[in-house]
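Trainee: Please take a close look at one part of this model for me. Pick a single residue and set it in the context of the chain.

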Amino acid sequence: MRFFDHLDGDFETDFAFTRDVGEAFLDAYPRIVRRRMDTPFDAADEARMLEWRGRYAEFNLVYDRGTLFGLKTGGNIDAILMSLPPRATWS
């Protein structure tokens, strides 16, 4: 399995990987949205979503290399935290 953090610098290979990710996204995402856009959404669903958002925020603040680098080197805090969800919960 390849990750963007582990690309080794071979342009052709890295570009092919990036292109494959983009093409897979363009293929899958619209189908997922169309299939689920009329799915009912209740308070319990929202509570689960907010908890997952909290886990995402926790991961970014504790483990994400780019976020940690920015925070440790005096980066623009607003720009660094901009990707975090506007609402989240923790349990």
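Mentor: What follows goes from one aspartate out to the whole chain. The model is predicted. Start with D14, which lies in helix 1, a helix that covers residues 11–36. Is D14 buried or exposed? Its relative accessibility is 11%. The cut-off for buried is under 20%, so D14 counts as buried. The side chain of D14 also has a polar partner: one of its polar atoms lies 3.0 Å from the backbone nitrogen of G9.

Now the setting. Buried residues make up 10% of the 91 residues in the chain, and D14 counts as buried. Helix 1 belongs to a chain with 4 helices and 0 strands. In sequence order the pattern reads α-α-α-α. The chain is more spread out than a compact globule, because its radius of gyration is 17 Å, well over the 12 Å from the globule rule for 91 residues. Along the principal axes, the C-alpha atoms fill a box of roughly 45 × 40 × 20 Å.

Contacts come next. Take those with a separation of 6 or more: 50% of them are between residues 24 or more positions apart.

Then the surface. The chain exposes about 7700 Å². Carbon and sulfur atoms supply 61% of that area.

Last, charge. The chain carries 16 negative side chains and 12 positive ones. The centres of the two sets lie 5 Å apart.

To return to the residue itself: D14 sits in helix 1, is buried at 11% relative accessibility, and has a side-chain polar atom 3.0 Å from the backbone nitrogen of G9.

Note on methods: Residues numbered from 1 in each chain as written. Predicted model: local features only at pLDDT ≥ 70, side-chain atom pairs only at ≥ 80, totals over all residues. Heavy atoms only, no water. Helix = DSSP H or I, 4+ residues; strand = E, 2+ residues; numbered from the N terminus. Rg over C-alpha atoms; globule rule 2.2 N^0.38 Å. Buried < 20%, exposed > 50% of the residue type's maximum accessible area, 1.4 Å probe, protein only. Contact = heavy atoms within 4.5 Å. Areas by Shrake-Rupley, 256 points an atom, 1.4 Å probe, with all protein chains shown as cover. Lys, Arg positive; Asp, Glu negative; His and termini not counted. Charge placed at Lys NZ, Arg CZ, Asp CG, Glu CD. Polar contact = N/O pair within 3.5 Å; in protein donor to acceptor, adjacent residues only side chain to side chain.
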